[in-house]
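Q: I have just opened a structure that is new to me. Could you walk me through how to read its features?

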Amino acid sequence: MKKFNIRKVLDGLTNVSSSSSASPQPGNRENDTIQENLQSEHFQLCKTVRHGFPYQPSAMAFDAVQKILAIGTQSGALRLFGRAGVECYCQHESGSAVIALQFLINEGALVSALADDSIHLWNLRQKLPAVLHSLKFNRERITFLHLPFQSKWLYVGTERGNIHMVNVESFTLSGYVIMWNKAIELSSKTHPGPVVHISDNPMDEGKLLIGFECGIVVLWDLRTKKADYRYTYDEAIHSVAWHHEGKQFICSHSDGTLTIWNIRVPAKPAQIITPHGKHPKDGKKPEPCKPILKVEYKTTRAGDPFMVLSGGLSYDTVGRRACLTVMHGKSTAVLEMDYPIVDFLTLCETPYPNDFQEPYAVVILLEKDLVVIDLAQIGYPIFENPYPLTLHESPVTCCEYFADCPAELIPALYSVGSRQKRQGYSKKEWPISGGNWGQGTQSYPEIIITGHADGSIKFWDASAIMLQVLYKLKTAKVFEKARNKEDKPSTDIVDEDPFAIQILTWCPESRMLCVAGVSAHVIIYRFSKQEVTTEVVQLLEVRMPYELNDVDSPEAAGEQTPAVSTPGATSSPQSALPPAQTHPSTSSNSSDGPRDNVPCLKVRCSPLKQSPGYQVDLVVQLLWVSGEPPQQITSLALNSAYGLVVFGNFNGLAVVDYFQKTLLMNVGVQELYGLADPFQRQPRSPRKARQPSGGVCDVNDGSNASEDRCKSPTSGSCSPCNSDEETKHQKFIDKSTVLCLTLSTLFFPMRMNGVTHSLTFCVVVFCFVGTISPVKQKSRRFSKTVANDLAKMSRKLVTVPDQKHETDAKDSSFSRSRSSSVTSLERESREIISSFHFSETLSRKGEAMPGPSLWVGTSQGSMLVLPLTVPASSELRMQQAPAVSFGGVVTRLKGGILSMATLDSAGAPLHPPYELWYDPNLPDEREEKDRWKRRRPASPPSGSQEGAPDTHYVVLCSEKQAEVIVLPAQTSAFKHNITEASFVLRADVVQMNTGCCIACFCANGHIMALSLPSLRPLLDVNYLPLTDMRIARTFCFSNLGQALYLTSPTEIQRLTYSQETCDNLQEMLCELFTPVETPEAPNRGFFKGLFGGGAQSLDREDLFGETAAGKASRSLAQHIPGPGGMEGMKGAASGIVGDLARTRMALDERGQKLGELDERTAAMMASADSFSKHAHDMMLKYKDKKWYQL
């Protein structure tokens, strides 16, 4: 356990790492030491589990004995599903699309075929499936796979029309090949096309049915190596299915027809069916329909067979969704699907193809969903899906992860969410029921919250690496919905998804939820178990006007950064009222005038019925100001103990008291600095046109569009006048503004006594005198306006000393890195509010007692503090609103501030205060709960002097650096440069089992961890480069070493950076393979066995083995062994080869036991012979003696 002496570090007696720098801190106590328990050996990064629907599925297979479903995707991924909670993800190294899957039924193995013409054998008997063998075809492209039940020979159909045999045990090719020209002979003058189907006759394994794309079907005799029958149809074939008796088969064609053939009558089909075609009365051929992509023919003992098919609809059904047709007897059911059908499988009671199939369900793989239909019930209801496949029901726009939550949260959310479940599901259990759950030791509750584009929010139970939806909240219910396009409000700032969730914050202890949407609205929710009807939704409208300014970073070391721009706000800090007079915008004129005081969405006026769960407490909306739309919200924070919500955007920040439904503060970024503004801001002339912002995207994506909306400082404060005067005045204002812009840049920095002064006041006076007289001649009403504007400029240009904690020459430039990363390209130059943090700490210098405060981070790297004054009791709190004051700038870093946290004197996290949850609709419970119970900072160390002020630490992380500030001195204790070439996307202070640290995810893919408070590097792994903004938007860390991100539009990838979790991962993972006895083969019956009417078996080894068929050409395919090492050996041992080895071992053990039995039998025989001999001798001894001689 390493100890870090704060005093020595701050006095400069010790050095930190080369990338860290410490500032001196006099006055620290001698015994002020912080022990850090976290070391680098406590960290290891690995993936845990993937949830959600497989993105872009392409193939599917089902093990009828193990009850396991496998789905392949176009990116080469495999997802395996069993019972609820049994999921597994694995990936092919090549990343090629999966085109076919085949289970080795009840063998714990899976064969996959990829678009790069390779086949792979997966071992499913281990918790992390691995590839045992691979075979890469060099000269032919794979189109179809078929593996007969309980066979070790795999049939591979190719694009050239040939069929190859592969031994699945050794993954070697057989010399036995069915060539396309021998199969069709003279039945066709052209090439028959690729092989689209292969299957053996259910009653005779020696007969192979081969379907070619052109419409030719061949029944091939494997023994005689020639075709028995050939069946020809004019239309292309898509699929073929057998009747279980092996006397008939059915084909689906491209014209929407089904043809049923008798195997001994190849001349014409026995029956032609057009399921969805219109049959003319004159007996003509039905009109062609869309292709039937797949058909399955399943028989039952007690009734008519089932024919299940996809496609085949009539061409006049334009716009109709994809359908699955179930034909049973005389009834035909057409089941519409929400998405196109990729594949479907009919689940049957038996795995044997020569028995009555007895179908009971149909698994339908759609492009974005998985549906299972119950065939045994009337109406074909669907099964309730236990997997978290509805993650993408609406696109995910934001995500938050909470580990180690209060234990009562999950039951509470489940109780209100269970009432939202749909009705009408099948009453039977989920048919995909294989595998077993893991035996993990993690018991802490975990919750994932996802925000979606339709305004919905979903709560998920993520405990024990499982995922189950708990509760769904629809925020769009608060607003009025447009019935048609004409009723759609013209004030939307986004064209699509106006209710999309952009940011959310949640307090697990108080169960308060606050969300921000893309339409510049904030909704605050309370949790209640009672149903209520809200007559009027509480609404608070906020005007956040602003002026656009250029920003010049302060100089240091003789270097000056290029000018950047920063928005301010013209409203007063404590006023929520709009200005009394507004000036029409020059960029958004209309016949009705510019929009003003209008929200983007309209809150519903009718009563709102709110079910148990999260219920609306307050809606805050930003308004249009003088024709300018409100800017989207970029940061959000909530504190339940203070009853405050704070949000910020490009304009500034606003503090809302949701207890009293009032606005406490509404200020721009410039006004937060006051006279200590480190940036030289200069007004800019108004732009001529405004570009509306786009849809849901990252904050940085809309920076350019948002910048174009900005106006001149004078456009929002002058009174309206007639058009002629207004035009002249506007021209004058433009000229005077340009003059001020030109002259105000002529300042001369001078450094005296270590303080930088800006000597620009004389130029401002000249500019002021030169422009005031024309204003008086034109209109006196403008003189006051211009004077106010120039007064604002003068306040910014007066002599301002720099902050006391100056950075070195390299850090003081504060220039944003123009790297090749996403947010550095076209990075916005305006300063925005990027992060908030509520805390109860020492916010002022020299403060002895902790107090409430709000810490604010900006995109230019500034961290400011706003001290709060909160009434002590609940009674006073409901009568008095908290007071917010300005505390100034604490420090500045490179890059925007991403995360902030506070530590106590021992280095432990100082959690923000919170109120305990109570049901707002139960007054008695409200009185019983101690609403104002808060977490207080940890007690000072035992070695601290009595009466001395406590010491706290503020941890902040920016896009480039991390720093630890000592409070109340507000001096830097540690500083670390996280990255130079890239930038940090997400950073959080997280709690581990033995301490806390900073977890960072960079745009270059590195995941890092830094110790606290010394900022020592503990972990740095190149995990995943930023390839999509979706990853940057959804990546989040949580406590106890957990993290997640949205790896695709439909899937969440969870990972851990904890060594303890990695060590226990094997126990936590589920088991796919469980020992299950294979069902008995169907009874042939006496007469079938007597007259040979039953199924005929085939010894394929005699036909395809090397002895009979020879070796295949080496250039045809290349064998690639699976992952080497012990893992591959263990996998092979637990696979098919291992079964054979165990069988031999069992035979050896049986022979040994039989030998021991023989030895014991021989010993008993010898003993019996000895006894017989002794008895005979004794008889001879006493044979001739009398009784009295004995």
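**Reading the model together**

A: Happily! This is a predicted model, and we can begin with its cysteines. The sulfur of C399 lies 4.6 Å from the closest cysteine sulfur, that of C1036, which is too far for a bond.

Q: How many disulfides does the structure hold?

A: A disulfide needs two cysteine sulfur atoms within 2.5 Å. The structure holds zero disulfides.

Q: Is C399 buried or exposed? And what about C251?

A: The idea is to look at relative accessible area, where buried means under 20%. C399 has 4% relative accessibility, so it counts as buried. C251 is buried too, with a relative accessible area of 1%.

Q: What does the protein look like as a whole?

A: Start with the overall counts. The protein has 18 helices and 67 strands, and of its 1190 residues, 55% are buried. About 52,900 Å² is exposed, with carbon and sulfur atoms supplying 52% of that area. Among contacts with a separation of 6 or more, 61% join residues 24 or more positions apart.

Q: How do I read a helix, and which residues of helix 3 are buried?

A: An α-helix has 3.6 residues a turn, so residues three or four places apart point the same way. In helix 3, residues 409-417, the buried ones are L409, I410, A412, L413, V416 and G417. Seen down the helix axis, these buried residues fall within an arc of 165 degrees, so they line one face of helix 3. They pack against several strands, including strand 32 (446-452), strand 35 (501-507) and strand 43 (613-622).

Q: Which residues touch the most other members of the largest nonpolar core?

A: In soluble globular proteins, nonpolar side chains tend to be buried together. Here the largest nonpolar core has 35 residues, and those touching the most other members are I447, F459, V478, W506, L513, Y525 and Y614. Helix 3 gives the most to this core, with five residues. A second, separate core of 27 residues includes F43, A999, M1029 and A1032.

Q: Can we zoom in on one core residue and ask what Y525 is in contact with?

A: Set aside neighbours within four places in sequence, and see what remains. For Y525, the contacts include L473, V478, R511, L513, Y614 and D617.

Q: And how do I read a strand? Which strand pairs with strand 3?

A: Look for its partner and its cover. Strand 3 pairs with strand 66 (residues 1051-1058) in the antiparallel sense, over seven bridges. The bridge partner of V49 is R1054 in strand 66. Strand 3, residues 43-52, is mostly covered, with eight of its ten residues buried.

Definitions and conventions. Residues numbered from 1 in each chain as written. Predicted model: local features only at pLDDT ≥ 70, side-chain atom pairs only at ≥ 80, totals over all residues. Heavy atoms only, no water. Buried < 20%, exposed > 50% of the residue type's maximum accessible area, 1.4 Å probe, protein only. Helix = DSSP H or I, 4+ residues; strand = E, 2+ residues; numbered from the N terminus. Arc of directions from axis to C-beta. Contact = heavy atoms within 4.5 Å. Pairing = 2+ DSSP bridges. Areas by Shrake-Rupley, 256 points an atom, 1.4 Å probe, with all protein chains shown as cover. Core = buried A, V, L, I, M, F, W, Y, C linked by side-chain atoms within 4.5 Å.
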